[in-house]
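Me: Hey, I've got a new protein open here and don't know where to start. Can you walk me through it?

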Amino acid sequence: MGTVIAITSGKGGTGKTSITGAVAASLALMGRQVLCIDMDIGLRNLDITLGLNDRALMDFSDVALGRCPLARAAVEHPELKGLALLTSPMSLPASLTPEKVRALLDTARSRYDYVLIDSPAGLGVGFRLATCAADRAVVIATNDASSLRDAQRTVAELSHLRQVHLVMNRIQARLLRRLRTTIDDAMDAAGLPLIGVVPEDPQVILCANLGKPLTSRGKKGAALACWNIAQRLEGQRVPIMRIR
């Protein structure tokens, strides 16, 4: 059975979607079967991050509500073998319940090694659907006070999960020195063990605009950091990247 991982954040703008796409692509390059589910209802962008813009005709609600089988709705990546996307509807169907999402994820577990859910920011209905049947969660935060406070609030809503980890994203060494803060401070503030540190990297925006996964730019910067996160999800012991 595969593992369902909800990737979430307390607030928007933390880079949650780019991390989801890059980690998923890294796992696929490791030979794993990976399904990305965009659950950011109405604000979906994971298809752009993965270079699958407008390829998806059916969405996860079509599968959950029995209108389409998962095998038909999931869009296979044309270049990355083993990577697929199940996109989000533009609005939340009234008949979509947590029970139906759980059934969808049970089916996905039987077909994929990893199911990565791009959860919407905030703690509303979309967040509850995205996390209702997850096995693990990864909370994405940046090194500013509001992001870390919102990460704390998110953690409080994830107490039912057996494993919750923190990723510090868009980290700039110069800013860390100026603020006299450390990654340890951020871990203490969020109250989570760290699974990755991702540096600020212009390649993230460039790859999204080109419709290319971040992994296409090689293993450096943010791409290397996400590769390391994927290795840790696999149970490997990899040193945390130092931001200089």
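Reply: Sure, we can go from the overall build to a few single residues. Keep in mind that this is a predicted model.

Me: Cool. How many helices and strands are there in the protein?
Reply: The secondary structure comes to eleven helices and eight strands. The radius of gyration is 17 Å, close to the 18 Å that the globule rule gives for 244 residues, so the protein is as compact as a globular protein of that length.

Me: And what does the C-alpha trace span along its principal axes?
Reply: About 55 × 35 × 30 Å.

Me: How much of the protein counts as buried?
Reply: Of the 244 residues, 55% count as buried. The accessible surface comes to about 11100 Å², and 49% of that belongs to carbon and sulfur atoms.

Me: What about contacts between residues at least 6 apart in sequence, how many of those join residues at least 24 apart?
Reply: That would be 78% of them.

Me: Switching to charges: how far apart are the mean positions of the positive and negative ones?
Reply: They are 5 Å apart, counting 30 positive and 22 negative charges.

Me: OK, cysteines. How many disulfides are there?
Reply: The count comes to zero. Take Cys 68: the nearest cysteine sulfur belongs to Cys 36 and is 18 Å away. A pair would have to be within 2.5 Å to count, so Cys 68 is in no disulfide.

Me: Is Cys 68 buried or exposed?
Reply: Buried, with a relative accessible area of 4%.

Me: And Cys 207, which cysteine has the nearest sulfur to that one?
Reply: Cys 226, at 11 Å, and Cys 207 is in no disulfide either. Cys 207 counts as buried too, at 1% relative accessibility.

Me: New topic. Where does Pro 78 lie?
Reply: Pro 78 is in the loop between β3 (75-76) and β4 (83-86). With 51% relative accessibility, Pro 78 counts as exposed, because the cut-off for exposed is over 50%.

Me: Which residues does Pro 78 touch, leaving aside its neighbours within four places in sequence?
Reply: Leu 52 and Arg 55 are in contact with Pro 78. Thr 131, on the other hand, is 29 Å from Pro 78 in space, C-alpha to C-alpha, and 53 residues apart in sequence.

Me: Last one: what's the phi of Arg 170?
Reply: Arg 170 has a positive phi of about 55°, although it is not a glycine. Arg 170 is found in strand β7, residues 163-171, and is partly exposed, with a relative accessible area of 37%.

Methods
Residues numbered from 1 in each chain as written. Predicted model: local features only at pLDDT ≥ 70, side-chain atom pairs only at ≥ 80, totals over all residues. Heavy atoms only, no water. Buried < 20%, exposed > 50% of the residue type's maximum accessible area, 1.4 Å probe, protein only. Helix = DSSP H or I, 4+ residues; strand = E, 2+ residues; numbered from the N terminus. Contact = heavy atoms within 4.5 Å. Rg over C-alpha atoms; globule rule 2.2 N^0.38 Å. Areas by Shrake-Rupley, 256 points an atom, 1.4 Å probe, with all protein chains shown as cover. Lys, Arg positive; Asp, Glu negative; His and termini not counted. Charge placed at Lys NZ, Arg CZ, Asp CG, Glu CD.
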